[in-house]
Amino acid sequence: MQAYRGKTIEEVIQLLAKYKGKVIAGGTDLIIDLRNGKLTSDTLIDISSIEELRRVEEYDETINIGAATTFTQIIENPLFQENLYGLKRACNTVGSPQIRNKGTIGGNIANGSPAADSIPPLLCLDSIIVLESIKGKREIGLEDYYKDNISIKEDELIISVQFKKPDKGQILSFAKLGLRKALAISRLSIATLLELDENNKVKTIKIASGSLGRYPMREPIVEEFLLGRELTVDVTDKAVKVLQQVMGERLGGRSTLPYKRIAVERIFKEALGDGLKRLKGVEIW
Amino acid sequence: MNLDIVGRNILRIDALSKVTGKALYPEDIFMDNMVYGKTLRSKVPHAYIRIDTGKAEKIDGVIKVLTHKDVPNNEHGVIFKDHEVFCSEKVRRIGDPIAFVVAKNKKICELALKEILIEYEEIEEVFCPIKAMKEDSPKVHGDTNIVYHYKIRKGDVEEGFKNSYAIAENIYRTHMVDHAFLQPEAGISFIDEEGRVTVMVATQYPHYDREEIASALELSEEKVRIINTNIGGAFGGREDISLQIHLALAAKVLNRPIKAIYSREESFIAHAKRHSMIMKYKTGADRDGKLLAMEAEIVGDTGAYASWATNVLRKSGVHATGPYFIPNVKVDSIAVYTNNPFAGAMRGFGATQVPIAHEQQMDILAEKLGIDPIAIRMKNIFKQGSITATGQVLTDSVPLDRCIEKVAEKIDFSLEREEAY
Amino acid sequence: MVEIKLKVNGKSYILEIEEDMRLLDLLREKLGLLGVKEGCSEGECGACTVIMDGKVVNSCLVMAFQAEGSSITTIEGLEKEGEIHPIQQAFIEVGAVQCGYCTPGMILSAKALLDKNPNPTEEEIREGISGNLCRCTGYNKIIQAVEKGKGV
């Protein structure tokens with residue numbers, strides 16, 4: 001095995017072009033896969049010390065998270081304490097302190113797990129992934145990456161994930177069901193981005209789910225149902241039914257469906273309720 | 001007797017070495033001229049096998065591949081000698097040890113394991129203990145899968161049920177459980193200056209280990225020495241032999257120090273589990289909730305080997321009534337071989353599974369009779385002087401009533417119940 | 001083989017290592033720091049926890065070559081001038097040690113937590129040690145020990 005410790009993005013994409021090796025950042029999944037033979041690679045290219053890849057940058061309209069930014073860095077960043085709190089909360093439920101100190105947002109995207117905690121909030125933000133190879137840069141929508149099963153080419157490096165900053169009145173929330181509090185792969189998760197108008201009607205709603213399908217995805221039918229309505233108990237209950245209907249069709253025949261169909265109610269309401277609470281300052285449900 | 005320490009906080013004698021990381025577990029011990037060993041295990045649950053180690057032995061750095069042919073007396077086991085040190089003709093579970101590679105380092109061991117050829121001739125397997133009890137089921141050992149049958153007969157259960165106002169009849173199942181002690185099995189063996197086969201291992205039973213190693217290697221016990229290192233948790237899971245005989249044999253054959261360390265995965269595959277049980281219960285009570293009769297058939301799946309099955313299932317039988325006085329009792333507690341991972345000792349030793357059944361029976365009876373679940377227990381619990389189903393008279397303190405009262409008070413049980421009903 | 005430079009328990013090393021070696025193997029086999037324990041090899045148990053540049057990591061999930069330029073603290077690095085660390089002392093006094101296999105990692109997680117947050121709540125202590133499994137104690141004594149070790 002060869003091992004390279006990349007110092008710049010340029011160097012890494014050159015190495016990738018030459019060796020088609022495996023990129024390693026946090027290594028929290030990759031090292032396990034390499035050891036148990038699920039993955040084989042003659043070349044490892046480490047990107048965990050490339051400063052440009054491990055920082056969060058705020059621009060006028062957008063936020064750019066470097067691919068090798070760890071979950072701990074996101075959790076501790078002041079940008080994610082207010083209306084983007086949902087991303088912090090999602091990152092905070094990843095693994096354990098040890099895993100969050102090493103695991104990266106780019107890694108969460110690259111390994112494509114349906115249970116990746118950080119993805120649903122990023123989907124609500126209509127994020128895009130920036131990739132680079134010696135042939136140049138390429139941007140793909142995060143949603144398309146999953147939905148259209150777009151693969152990251154062997155010589156491509158994930159540089160960052162970007163999204164437009166939501167307005168102050170738009171609140172990102174997240175809720176997860178794990179089998180225990182720490183070190184739990186999510187059984188299901190929901191993220192929402194919510195904004196109300198002056199009449200308390202839903203002005204903006206984005207909903208994304210984790211582990212309710214083969215990959216994390218947006219829930220457009222539920223979004224459409226809620227748009228323009230007031231979030232009364234009745235409306236919310238109906239939204240849960242819509243979601244249950246949609247996931248039922250998607251997960252039909254899976255042994256986990258009966259359980260998830262019931263469990264999703266609480267998790268959906270927790271995410272949405274958290275958004276409402278943050279907007280209105282009061283507990284709604 | 002010196003009772004100075006009673007009622008005082010005493011610092012653990014080994015705590016300082018453990019908080020500083022200086023405490024040595026077997027994998028922390030290194031010796032000059034030391035080699036490494038790794039076990040080849042069965043990948044199928046039930047099969048006849050043919051072993052070809054030729055290719056593996058030719059690998060550079062491989063020192064020896066041990067199989068059943070190298071073991072003077074190829075059997076062991078805490079009660080029944082139903083384990084083979086290395087399987088000779090047949091494997092009975094996934095994970096059965098077949099060979100032990102000794103090589104210069106761990107990597108070569110891994111490499112050599114892949115080069116040992118095992119031809120499996122698979123035979124019908126049995127995983128359900130109920131099915132395994134039937135005459136026409138595949139047999140794991142010998143001509144019956146029933147390892148042990150413990151019986152309690154007290155009074156006349158038929159009469160008891162006839163007089164019962166409410167009867168609860170249910171089947172309960174528990175699953176197997178792994179101890180998951182934090183330090184996977186490891187050990188190191190060498191020949192000491194007095195020529196003794198010495199094994200340093202984290203074990204619960206150094207004296208049994210010595211006996212079993214001596215017997216397998218056909219040595220006198222004086223020629224075998226076990227040194228217990230620090231033990232990274234056990235909970236019953238280190239009561240059976242794991243790598244002790246493999247290491248001792250290798251040290252004796254090669255006359256040099258040898259070490260083996262299991263991965264977490266191998267640890268799970270190698271050692272015993274808590275017995276999963278299928279418990280068929282019938283319990284009857286009169287109109288006031290007084291228990292009149294109980295009949296239980298408890299089937300414990302001991303997997304491919306008996307280990308402590310007799311003791312475990314006996315304990316399940318003895319505790320089958322729970323802490324309740326019942327005049328008419330019939331218990332059949334049976335341990336059965338299957339091709340599942342083998343079951344053995346784990347904290348509670350069979351007393352932990354039966355409460356799943358007898359306590360739910362109490363709740364179900366309470367509900368049928370419209371009696372409070374605490375009241376029905378208070379009516380039936382053992383007190384000083386009570387006689388258990390096995391005829392034991394409880395002469396000493398039996399403060400169960402106080403315990404239940406205290407718990408009910410602390411959890412504000414009355415409040416919870418008002419909401420429940 | 002690659003050459004790496006790193007600092008372990010305050011001491012600088014230049015080491016020749018194999019590419020497929022993990023930080024755990026480097027610490028145990030190259031440097032003989034046997035207080036780093038291997039429990040699961042996949043980041044579930046935390047027995048191999050070390051502090052890397054101020055943050056806890058599972059040393060089984062870091063490749064040794066990735067540790068280039070880093071500063072590592074293992075349990076062996078907590079003793080200062082022959083005195084054990086107050087958290088270690090608290091673990092002894094409270095009775096938070098049983099089999100001892102989780103203890104080094106557990107103490108390092110507690111130390112990293114207290115270094116960052118000298119006065120954590122019980123909830124924060126539980127969160128801080130949530131990546132370290134203990135099969136003996138049921139955690140209560142460990143939490144009491146961290147409580148006792150804080151602010152000393």
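**Close-up views of chain B and its neighbours**

Chain B carries 13 helices and 15 strands. Everything shown here comes from a predicted model.

**View 1. Chain B on its own, as an overall frame for the close-ups.** Along the principal axes, the C-alpha atoms of chain B fill a box of roughly 80 × 60 × 40 Å. Of the 421 residues in chain B, 47% are buried. Take the contacts in chain B with a separation of 6 or more, and 78% of them turn out to link residues 24 or more positions apart.

**View 2. The two domains of chain B and where they meet.** The domain assignment splits chain B into domain 1 (15-122 + 180-270) and domain 2 (129-177 + 273-420). Taken over C-alpha atoms, the centres of the two domains of chain B are 38 Å apart. Where they touch, domain 1 of chain B puts in 16 residues and domain 2 of chain B puts in 18 residues. On the domain 1 side of that contact in chain B, you'll find five nonpolar, six polar and five charged residues.

**View 3. Helix H10 of chain B and what it leans on.** Helix H10 of chain B runs over residues 354-369, which makes 16 residues. From first C-alpha to last, H10(B) reaches 23 Å, close to the 22 Å expected at 1.5 Å a residue. Which residues of H10(B) are buried? They are B:Val354, B:Ala357, B:His358, B:Gln361, B:Met362, B:Leu365 and B:Ala366. Look down the axis of H10(B) and these buried residues fall within an arc of 165 degrees, so they line one face of the helix. The buried residues pack against three strands of chain B, namely S8 (166-174), S13 (276-285) and S14 (291-303), plus helices H9 (309-318) and H11 (373-380) of chain B. Just after H10(B) sits B:Gly370, with a positive phi of about 65 degrees.

**View 4. Chain B against chain C.** Here 23 residues of chain B are in contact with 26 residues of chain C. Which helix gives the largest share of the chain B side? That's helix H1 (residues 15-19) of chain B, with four residues. Sorted by class, the side of chain B that touches chain C has ten nonpolar, seven polar and six charged residues.

**View 5. Chain C against chain A.** In this pairing, 24 residues of chain C are in contact with 23 residues of chain A. Strand S4 (residues 55-58) of chain C supplies the largest share of the chain C side, four residues. The side of chain C that touches chain A divides into seven nonpolar, ten polar and seven charged residues.

Note on methods. Residues are numbered from 1 along each chain as its sequence is written. Chains are lettered from A and ligands numbered from 1 in the order in which they are written. This is a predicted model: local features need pLDDT of at least 70, side-chain atom pairs count only at pLDDT 80 or more; totals for chains, interfaces and linings use all residues. Two residues are in contact if their C-beta atoms, placed from the backbone, lie within 7 Å. Helices (H or I, at least four residues) and strands (E, at least two) are DSSP runs, numbered from the N terminus. Ala, Val, Leu, Ile, Met, Phe, Trp, Tyr, Cys and Pro count as nonpolar, Asp, Glu, Lys and Arg as charged, and the others, Gly among them, as polar. The expected span of a helix is 1.5 Å times one less than its number of residues. A residue is buried if 20 or more other C-beta atoms lie within 10 Å of its own, exposed if 12 or fewer, and partly exposed in between; C-beta atoms are placed from the backbone. The arc is that of the directions from the helix axis to the C-beta atoms. Domain bounds come from an automatic or database domain assignment.
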